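Reader: I would like to learn how to read helix packing, unusual backbone angles and side-chain surroundings from a set of coordinates. Could we go through them one at a time?

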Amino acid sequence: MRLLVLGGTKFLGRHVVALAREQGHEVTLFTRGKTNPGLFPEAEHLPGDRDGDLAALAGREWDAVVDTSGYVPRVVRQSAELLRDAVGRYVFISSVSVYADQSRGPDEASATAQLEDPASEDVEADYGALKAACERVLDEVQASRAAHVRAGLIVGPHDPTERFTYWARRLAEGGDVLAPGKADAPVQFIDARDLAGFVLRLAAGDLSGPVNATGPAERLTMGEALPRMADAVGAGCRLRWIDSKTLLDEGVDPWMELPLWLGGDPDSPGCWRRTCRAR
């Protein structure tokens with residue numbers, strides 16, 4: 001397969017490219033050359049900027065494109081239109097944050113968020129709605145060639161955030177470890193390496209439209225996840241469960257200060273109960 005990757009040198013894209021090369025695919029990366037520019041010297045590198053400088057892509061053809069760096073509809077439209085007749089498949093890395101109602105476990109048919117300000121390009125404030133708008137652009141331009149990977153929390157090697165690695169590091173220190181909320185609170189995440197394999201199957205297949213991509217396959221709780229992490233890092237620690245109300249009263253910031261904890265009733269957040277039926 002001749003594969004074009006928009007991005008591909010940071011986190012998920014890095015795993016997609018590595019696995020694609022391992023599987024023998026011919027890979028072209030289109031990047032600005034700012035993040036890990038020395039990666040994958042054996043692959044073809046095309047320099048440019050997807051916001052206004054796509055000249056390096058003109059006149060070329062690929063079997064599929066994986067878009068790992070699309071956040072703004074106006075920018076995504078540029079690559080979608082240029083590649084309209086140049087690719088057989090357009091796999092867009094979207095997010096489960098696209099759903100309008102996160103109070104119940106949404107599936108691929110659930111309504112997506114709408115931008116209050118259609119002109120907004122504020123990715124931090126309107127992340128989910130912007131991703132949803134990008135999907136609509138691709139449906140318009142790429143039609144049945146487009147597949148939208150609505151990824152859950154992505155974890156694994158080269159993760160530039162502390163959304164998951166915080167726990168591995170803290171548990172490895174041992175001693176008493178603050179465990180937030182209730183032990184039976186559900187949690188979901190997916191390893192970037194597993195997601196990369198799924199993305200490549202989509203690139204080589206014919207499934208179009210949205211598909212949720214998170215895990216594990218069986219229900220997992222914080223009370224199961226944290227001890228497994230502790231065992232994996234060989235930590236001798238004691239989990240001390242503190243209820244959400246106490247933590248909130250003390251000013252602890254959910255998610256940012258204690259990743260995987262949302263601060264609410266463990267049975268209500270649908271974002272940890274998403275289904276992956278299309279998969």
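Author: Let us begin with handedness, keeping in mind that this is a predicted model: helix α2 passes helix α3 in a right-handed crossing. The contact is made by Pro 73, Val 76, Arg 77, Ala 80 and Glu 81 on the α2 side, and by Leu 130, Ala 133, Cys 134, Val 137, Leu 138, Glu 140 and Val 141 on the α3 side. Sorted by class, the residues of this contact are 9 nonpolar, no polar and 3 charged.

Reader: At what angle do the axes of α2 and α3 cross, and how should that angle be described?

Author: The axes of α2, residues 73–82, and α3, residues 127–141, come within 9 Å and cross at roughly 25°. Angles under 35 degrees count as roughly parallel, and α2 and α3 are therefore described as roughly parallel to each other.

Reader: How do the axes of α1 and α5 compare with that scheme, and which hand does their crossing have?

Author: Helix α1, residues 12–22, and helix α5, residues 192–204, have axes that come within 8 Å and cross at roughly 60°, and the two helices are therefore oblique to each other. Their crossing is right-handed. On α1 the contact involves Leu 12, His 15, Val 16, Leu 19 and Ala 20, while on α5 it involves Ala 192, Arg 193, Leu 195, Ala 196, Gly 197, Val 199 and Leu 200. By class, this contact of α1 with α5 has 9 nonpolar, 2 polar and 1 charged residues.

Reader: Which residues of α1 are buried, and what covers them?

Author: The buried residues of α1 are Leu 12, Gly 13, His 15, Val 16, Val 17, Leu 19 and Ala 20. Their cover includes helix α5 together with the strands β1 (2–6), β2, β5 (87–95) and β7 (154–155). Just after α1, Gly 24 takes a positive phi of about 90°.

Reader: Where is His 25 found, and is its side chain buried or exposed?

Author: His 25 is found in the loop between α1 and β2, the latter spanning 26–31. The cut-off for buried is under 20% relative accessible area, so His 25, with a value of 16%, is buried. A polar atom of its side chain lies 3.3 Å from the backbone nitrogen of Met 1, and the side chain of His 25 also makes a polar contact of 3.1 Å with the side chain of Gln 23. Leaving aside neighbours within four places in sequence, His 25 is in contact with Met 1 and Ala 20.

Reader: Which backbone angles deserve attention when I scan a model, and why?

Author: Most residues other than glycine have a negative phi, and most peptide bonds are trans, so departures from either pattern are worth locating. Phe 40, in the loop between β2 and β3 (44–47), has a positive phi near 55°, and at 11% relative accessibility Phe 40 counts as buried. His 158, in the loop between β7 and α4, has a positive phi near 75°, and at 41% relative accessibility His 158 counts as partly exposed. As for the peptide bonds, a cis one joins Gly 215 and Pro 216, with omega about 0°; Pro 216 is found in the loop between β10 (209–213) and α6 (222–232).

Reader: How should I read the surroundings of a charged side chain, and what does Arg 50 contact?

Author: A careful order is to take the location, then the accessibility, and then the partners. Arg 50 is found in the loop between β3 and β4 (62–67), and at 10% relative accessibility Arg 50 counts as buried. A polar contact of 2.9 Å joins its side chain to that of Ser 69. Apart from neighbours within four places in sequence, the residues in contact with Arg 50 include Leu 6, Phe 30, Asp 67, Ser 69, Val 76 and Tyr 90.

Reader: And is Arg 163 buried or partly exposed, and which residues does it contact?

Author: Arg 163 is found in the loop between β7 and α4 (165–173), and at 29% relative accessibility Arg 163 counts as partly exposed. A polar contact of 3.0 Å joins the side chains of Arg 163 and Thr 161. Leaving aside neighbours within four places in sequence, Arg 163 is in contact with Phe 11, Leu 153, Ile 154, Trp 255, Pro 259 and Leu 260. The C-alpha atoms of Arg 163 and Leu 260 are separated by 7.2 Å, although the two residues are 97 residues apart along the chain.

Methods:
Residues numbered from 1 in each chain as written. Predicted model: local features only at pLDDT ≥ 70, side-chain atom pairs only at ≥ 80, totals over all residues. Heavy atoms only, no water. Axes fitted to C-alpha atoms, helices over the stretch in contact; angles between N-to-C directions. Helix = DSSP H or I, 4+ residues; strand = E, 2+ residues; numbered from the N terminus. Parallel < 35°, antiparallel > 145°, perpendicular 65-115°, else oblique. Left-handed = near helix turned anticlockwise from the far one by under 90°. Contact = heavy atoms within 4.5 Å. Nonpolar A, V, L, I, M, F, W, Y, C, P; charged D, E, K, R; others polar. Buried < 20%, exposed > 50% of the residue type's maximum accessible area, 1.4 Å probe, protein only. Polar contact = N/O pair within 3.5 Å; in protein donor to acceptor, adjacent residues only side chain to side chain.
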